[in-house]
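Visitor: Please show me the sequence and the structure, and then let me ask about a few details.

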Amino acid sequence: YEILKDDFFPFISKTTSHIITICFATILSILITLLILYKKKKIEQVLIESENKYHSLFENMVDVVTIVNNDKQIIEVNSAAQKLFEYTREELLNMSLDQMIYKDNKHISDEYFQKLEKAGSYAMYEGRIITKTGKIKWIQVNSTQLLKQGNKIGSQDICRNITQRKNIEIELEQSIKQLNQLNADKDRFISILGHDLKNPFSNILGFSEILTNEIDRLNKDEIKDIANNINKSAKITNRLLEDILMWANTQQGKIPFNPQILSFKDICKDTLEILTPNANVKNITINYSSADGINVFADIDMLKTVLRNLVSNALKFTNKGGRININAEENSENVTISVSDNGIGIESVELSKLFDISEVITTKGTAGETGTGLGLLLCKEFVEKHGGEIWVESKLGKGSVFKFKLPMNKLNERE
């Protein structure tokens, strides 16, 4: 007993204490490990839930979201992107943003990414993209740089379809342009009414006043001369009013447009029947032999008005004994009609003003003929109504050539 008391019992007591300590430490270690595993599981669950929420938000956003790398290659898109670009997700993930940028906006896109690079965080721009089906759409892009360990690895782009807004803006700009044009037309009409109408009316009033006050003292020849002057002024006023009314009706779309196949030679004959007396006064020869056998697809009244105005204009600025040629040439696409003269010609600085309402000028002819300046504007309106174009070539002192083209496609369809 004494031996056990002194040696064995202390050993047993010490060993037991050590075993208990080891067990406690093991249990504590197990508990800590279980706690860590629990926490890790909890964190993983939170991360999964967070990722699911982000993915749901990402997929269900109304705006388009794309993630691209530094080479502009798309590495992720949401469902809205597929709807906007009209490509599948798989197709988009194999594409570059540059493939969808509209060709005229390539430089804007390049400038935008350079701006984003310099800004270091955020940038915005508006441009056009072209979809898989060829539709052109306007988008607004807001981009944020993506960084990893301080290095740029790409960008996240939020795109919004602004096509409807842009179309409204374009329509508004066009409306403003049309309004400015209408204001210019209005100012021109006021100028015509205030200036061009004033002179012939003043003549009518002046001569009629002489008749009223002096008729008892005037002889027959004097009365006849005054009456002729009144008649001449009245005709000028009537022609001016006709031009103004026709121009106004053209602007309001009130003139009917009924194109048909016409013999250009017949149109020339009808025009010359009206204008030959004026040509005879100045002994001017008008030739249209090259118009034989050519047909045009045009509205008969509009074509007659265009040809009559151009020939009248040539007569006005051609000296006595001059000549005017009406020519027509055709190819597979159009008929080109020209009215040329050997008159006084037009200064080069004035050529660009001939078909511009805001620059219309009136010049007296070689025999003092007057006009409104609206005739050439009517020609331009009527030719463009047919889908054609009109222009003038002239040298001062040599004469002028007015030309206009009428498309042949409708004529070919009819034949």
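Visitor: Why does Gly387 count as exposed or buried?

Guide: This is a predicted model, in which local features need pLDDT of at least 70, side-chain atom pairs count only at pLDDT 80 or more, and totals for chains, interfaces and linings use all residues. Residues are numbered from 1 along each chain as its sequence is written, and side-chain values use heavy atoms, with hydrogens and water left out. Buried means under 20% relative accessible area and exposed over 50%, with partly exposed in between (1.4 Å probe, protein chains only). Because its relative accessibility is 56%, Gly387 counts as exposed.

Visitor: Where along the chain is Gly387 placed?

Guide: Helices (H or I, at least four residues) and strands (E, at least two) are DSSP runs, numbered from the N terminus. On that numbering, Gly387 lies in the loop between α11 (375-385) and β11 (389-395).

Visitor: Which residue in β5 is the bridge partner of Thr66?

Guide: Two strands pair if DSSP finds at least two bridges between them, and six bridges join β1 (residues 64-69) to β5 (residues 151-161), the two running antiparallel. In β5, the partner of Thr66 is Asp157.

Visitor: How many residues stand between β4 and β5 in their hairpin?

Guide: Strand β4 (residues 136-148) runs antiparallel to β5, joined by ten bridges, and Lys148 stands opposite Asn151 in β5. In the turn, Gln149 has a positive phi of about 55 degrees, and the number of residues between the strands of this hairpin is two.
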